[in-house]
Amino acid sequence: MSQTIDRTSKVPAKAPEKPTVDVAALGQRLLGRWADERRASRELSATPAMQRIPGQTMAEHRERVLEQLRILVESKAVHKAFPKNVGGLEDHGGNIAQFEELLLADPSLQIKSGVQWGLFGAAVMHLGTEKHHEKWLPGIMSLEIPGAFAMTETGHGSDVSAVGTTATYDEATGEFVINTPFRAAWKDYLGNAALHGEAAVVFAQLITKGVNHGVHAFYVPIRDKDKNFLPGIGGEDDGLKGGLNGIDNGRLHFTDVRVPCENLLNRYGDVAEDGTYSSPIASPGRRFFTMLGTLVQGRVSLDGASVVASKLAMTIAISYGSQRRQFTAASDTEEEVILDYQRHQRRLLPRLAETYAMSFAHDVFLEKFDAVFSGREDTDEDRQDLETLAAALKPLSTWAALDILQEAREACGGNGFLAENRLTQLRADLDIYATFEGDNNVLLQLVAKRLLTDYSRKFVGADAGALAQYVAGQVGDATINRTGLRKLAQSIVDFGSTARSVGYVRDADAQRQLLTDRVQTMIAEIAGRLRDANKLPKMEAAQLFNSNQNALIEAARAHGELLQWEAFTEAVEGIEDADTRQVLTWLRDLFGLGLIEKHAAWYLIHGRISAQRAQAITSYIDDRLLPRLREYALPLIAAFELSPELIGAPIALGAEKERQDEARAYYAHQRETGTAPIPEKAPAKPVRA
């Protein structure tokens, strides 16, 4: 008996609606707490007077940037961080936020302003006392006193504690005598030192009564108003650099230069008239790190400026990729938009995800910085956490910005190499960010040492068995079962099902577990190898530490990546619009799974994922996440809120679209009028019967 099927009663299932990104709300979220300050800075940066003129000589560029600093003063854009009693606003977070955005006008402007007010001025503010503030800060704020930050030496960069410059107290005159006793002790790479600086904050070994009390800071006049060096001071111009040539970097050296005792910035260490040294911090090591910790804002601003540069690079490359057409892969007549090619998506979309992760992590960083420097959360532990956060995030963002700029350049082909499209110059200017304010590898060592310290406190007195158990079983059975990260049975469970395999690591808890487990295990393994270092002779202990240096740096990088992922996830959870939250979840997954894919060898070696699961993650990225996110690439960069004046690259502002539209219209007309030439290998005409 046949069965009758009533097909008319079936209603076709409604296709699920695609999410729509709320660009305005997302843009507000990306700008963060200090959105108004960022927008005001962008508005100023977009004016012709603030933008870089391509092709200027180094001398012309330097003078233009100096004039732009005067415009900042006139616009009252430099006062935010300074004390209220000298005309400031004591808004530390807002100050950093607005200065980061100056990169969009010209990185030289951003860095030179940072030298004047974020380093030279900040050193007087944070290391000096009220008498120093009243005497010098008004002139620093008004640019009446252009200044240099004289910390780095030719022979010592990241190792500030070992600088060779000395400041020896002369009891007979009540003065400090400053010397650079050998060539490697010359202060080097100093912004404002070659031409414009009239004073400098000089970091030197403070010596009194024959005792070296370590590095302290001194306010030292270096030039008169005619820009001539004062007696005992000399210097050189660093000359043409690989980038940032709007800044007059130079060298300074000192021969028996005398400054009054009151020029010692004495918040953390002072010398009495009779030469007696005193300090509120007894430990020389802790005193030194406390002093340097007050200057952490340089790393904060470099992290933020790298995020801004990455947003600009992604805007240029993705805009271009959505317009540029090449090859006729899916059509006999129409060339394909290159962003539709999987490889192009693989090049750009993971870096877009990384840019979002960096942006959200920087928000957390800037909030922490503001909390510490405003005094709301200013304990020793808070400052240590801030310094560790700075040392973790600044390396990752500066390295990432260079990678993103380079990939964006290549993704734009020859157009990306043209100076008018900005990418090559931005790449050159940001190159130095990787060693500004501390070499990235050295900073990551500081992070690793902090992680080891925290680990040792947690497991003080633990025996080898306990440590081994910690390494082998970081994740409890309950967590493993809840997230599906089964180790022994993984190969069987995963076999033959990409969807099932990747499903276990697609949710936030599983990604968090894998990323956290990697950091904890790496630190535990290193701690196990270094456990007996304190029992060894000093040289052997140093050799043991050195043999683990690379592992320490890799562990610190893993920690930084986890911080970025956590910030991204927290931001996603805070998005109110469901559609926008869904798209950002996909973008967060691309970032998180991309990290797991990037470190797949580690996860495989340590048995955290199976080979099938590692392969499934790659397939999920290629087959699911990239096609999904391709549709949202333009809204996601639109949320960066970069106006045409700030983008400044013709290929991202319609020039490429005009060329493509003209070409398409030309060929369409040929087809319609039958005037197109016949291809040499034209298809054969059908034979009529």
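Which residue in β8 is the bridge partner of glutamate 236? The tour of this predicted model begins with that pair.

**First stop: the three-stranded sheet**

Select glutamate 236 together with arginine 251; the latter, in β8, is the bridge partner sought above. Next, extend the selection to β7 and to strand β8, residues 250-254, which pair in the antiparallel sense over five bridges. Adding β4 completes an open sheet of three strands, in the order β4-β8-β7 and with antiparallel pairing. The edges of this sheet are formed by β4 (187-190) and β7 (233-237); each has a single partner strand, so one side of each is left without a neighbour in the sheet. With the sheet in view, follow the turn of the strands: the twist averages 20 degrees from one strand to the next. As background, strands of a sheet pair through backbone hydrogen bonds, either parallel or antiparallel.

**Second stop: the β5-β6 hairpin**

Now select residues 199-208, which make up strand β5, and residues 211-221, which make up strand β6. These two strands pair in the antiparallel sense, over nine bridges. To inspect one position on the hairpin, display glutamine 205, which stands opposite valine 215 in β6. Then move to the turn, where two residues lie between β5 and β6. Lysine 209 is in this turn and has a positive phi of about 55 degrees.

**Third stop: the largest cavity**

How many cavities of 30 Å³ or more are counted? The count comes to five, and the largest cavity holds about 80 Å³ of space. To find this cavity, select Arg38, Glu101, Val307, Lys311 and Ser359, which lie nearest its centre among the 13 lining residues. Then colour helices α1 (23-31), α2 (35-45), α8 (297-321) and α9 (342-374), the elements that give two or more residues to the lining of the largest cavity. The largest share of that lining, four residues, comes from α8. Colouring the lining of the largest cavity by class should show four nonpolar, three polar and six charged residues.

**Last stop: histidine 344**

Finally, remain with helix α9 and select histidine 344, which has its place there. Is the side of the tour's last residue, histidine 344, buried or exposed? Histidine 344 has a relative accessible area of 8%, and because this is under the 20% cut-off, histidine 344 is buried. To see its surroundings, display Gly321, Ile338, Leu339 and Ala411: leaving aside neighbours within four places in sequence, these are the residues in contact with histidine 344.

Terms used: Residues are numbered from 1 along each chain as its sequence is written. This is a predicted model: local features need pLDDT of at least 70, side-chain atom pairs count only at pLDDT 80 or more; totals for chains, interfaces and linings use all residues. Side-chain values use heavy atoms; hydrogens and water are left out. Two strands pair if DSSP finds at least two bridges between them. Axes are lines fitted to C-alpha atoms, for helices over the stretch in contact, and angles run from 0 to 180 degrees between N-to-C directions. On a 1 Å grid over the protein atoms alone, a cavity is a set of points where a 1.4 Å probe fits but cannot get out, and a pocket is an open set with protein on both sides within 12 Å along at least five of seven lines; lining residues have an atom within 4 Å of a point. Grid points are joined across faces, edges and corners, and a volume is the space filled by probe spheres set on the points. Ala, Val, Leu, Ile, Met, Phe, Trp, Tyr, Cys and Pro count as nonpolar, Asp, Glu, Lys and Arg as charged, and the others, Gly among them, as polar. Buried means under 20% relative accessible area, exposed over 50%, partly exposed in between (1.4 Å probe, protein chains only). Contact means heavy atoms within 4.5 Å.
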